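Please read the following walk through the structure with the sequence and the coordinates open beside it. The paragraphs move from one helix contact to the next, then to the aromatic residues and the loops.

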Amino acid sequence: MTRSPRDEEFSAFVTGRRVALLRTACLLTAGDPHLAEDLVQTALARMYVAWPKVRRSESADAYARRIIVNAYIDEVRRPRWRREQTVSELPDRPEIGPASGWPDAVDGEVIRTALAELPKRMRAAVVLRHWLDLSVEETAGLLNCSEGTVKSQTAKGIARLRSLLGGGSGSAAVTTRTRSMLPAEGS
């Protein structure tokens with residue numbers, strides 16, 4: 001069976017951008033790989049349906065990020081009852097090597113743990129502003145809130161991450177390089 005040009009273009013997009021989308025989703029979910037996979041799958045399914053429109057707009061990355069953020073917000077707002085029951089430890093968990101998406105001296109697990117301490121909307125604001133390097137306006141549009149809310153949530157989130165990563169008990173694994181990943185104060 002031959003593939004249509006639409007399928008070829010969409011497959012090329014998925015091949016080239018899936019890892020980056022998954023990385024973004026992992027940060028939004030504070031390292032929950034299963035929820036991150038679900039968010040990316042939701043985004044790709046919705047994108048496939050709208051692919052002709054997305055392709056014409058030449059903003060497939062922005063469209064995908066928007067779907068991921070919206071799906072994440074939907075998940076956060078969903079009632080606690082779910083068909084799937086989550087557990088903290090998987091029964092037969094494979095050994096996981098170092099995270100390939102992080103620079104050598106950065107402990108991604110420490111960053112994800114610190115991000116998990118932030119409230120969900122604050123975490124989303126920090127990830128969108130400082131990981132994806134979106135503007136305040138773009139972030140406000142994605143989160144459907146005011147620019148002032150983005151600024152305050154981002155500032156509070158960065159301050160909280162600094163306190164979590166900057167010292168105190170339980171942060172011995174945090175390296176200077178990990179702390180340097182945070183934006184400078186006042187930015």
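**Where helices meet**

In this predicted model, R23, T24, L27 and L28 of α1 meet R123, A124, V127 and W131 of α6. The residues of this contact of α1 with α6 divide into 5 nonpolar, 1 polar and 2 charged. The two helices pack at an angle of about 145°, and their axes are 9 Å apart.

One residue of this contact can be followed in more detail. T24 lies in helix α1, which covers residues 5–28, and T24 is buried because its relative accessible area is 6%, where buried means under 20%. Leaving aside residues up to four places away in sequence, T24 touches V127 and L132.

From α1 the reader can turn to α2. M47 lies in helix α2, made up of residues 33–49, and with a relative accessibility of 0% M47 counts as buried. Which residues does M47 touch, not counting those up to four places away in sequence? The list consists of F10, F13, V54, A60, Y63, A64 and I67. For F10, a separation along the chain can be set beside one in space: M47 and F10 are 37 residues apart along the chain, while their C-alpha atoms are separated by 8.7 Å.

**An aromatic cluster**

F10 and F13 come up again among the aromatic rings. A pair of aromatic rings is described by the distance of the centres and the angle of the planes. In this model the count comes to 3 aromatic pairs. F10 and W51 form one of them, an edge-to-face pair with 5.3 Å from centre to centre and 80° between the planes. Because F10 lies in helix α1 and W51 in helix α3 (residues 51–57), this pair ties together parts that are 41 residues apart in sequence. Both F10 and W51 are buried.

How are the rings of F13 and W51 placed relative to each other? Their centres are 5.5 Å apart and their planes stand at 45°, so the pair is tilted. Since F13 lies in helix α1 and W51 in helix α3, the pair of F13 and W51 ties together parts that are 38 residues apart in sequence. Both F13 and W51 are buried. Ring pairs link F10, F13, Y48 and W51 into a cluster, and R6 lies over the face of Y48, at 4.6 Å from the ring centre.

**The buried side of a helix**

The next stop is α7, where the positions of the buried residues around the helix are of interest. In helix α7, which runs over residues 136–143, V136, T139, A140, L142 and L143 are buried. Why can these residues be placed on the same side of α7? They cover an arc of only 165° around the axis, and therefore they lie on the same side of the helix. An α-helix has 3.6 residues a turn, so residues three or four places apart point the same way. The buried residues of α7 pack against α4 (60–77), α6 (120–131) and α8 (147–165). Just after α7, N144 takes a positive phi of about 55°.

N144 also appears among the contacts of R121, a residue whose place is in helix α6. R121 is partly exposed, with a relative accessible area of 33%. With residues up to four places away in sequence left out, R121 touches I73, R77, L143, N144, C145 and Q153. The C-alpha atoms of R121 and G157 are separated by 9.7 Å, and these two residues are 36 residues apart along the chain.

**Two loop residues with positive phi**

The last two residues to look at are in loops. A30 has a positive phi of about 55° although it is not a glycine, and its place is in the loop between α1 and α2. D133, also a residue other than glycine, has a positive phi near 60°, and D133 is found in the loop between α6 and α7. Are these two residues buried or exposed? A30 is buried, with a relative accessible area of 15%, whereas D133 is exposed, with a relative accessible area of 64%.

Terms used: Residues numbered from 1 in each chain as written. Predicted model: local features only at pLDDT ≥ 70, side-chain atom pairs only at ≥ 80, totals over all residues. Heavy atoms only, no water. Buried < 20%, exposed > 50% of the residue type's maximum accessible area, 1.4 Å probe, protein only. Helix = DSSP H or I, 4+ residues; strand = E, 2+ residues; numbered from the N terminus. Arc of directions from axis to C-beta. Contact = heavy atoms within 4.5 Å. Phe/Tyr/Trp six-rings, centres within 6.5 Å; stacked < 30°, edge-to-face > 60°. Lys NZ or Arg CZ within 6 Å of the ring centre and 35° of its normal. Axes fitted to C-alpha atoms, helices over the stretch in contact; angles between N-to-C directions. Nonpolar A, V, L, I, M, F, W, Y, C, P; charged D, E, K, R; others polar.
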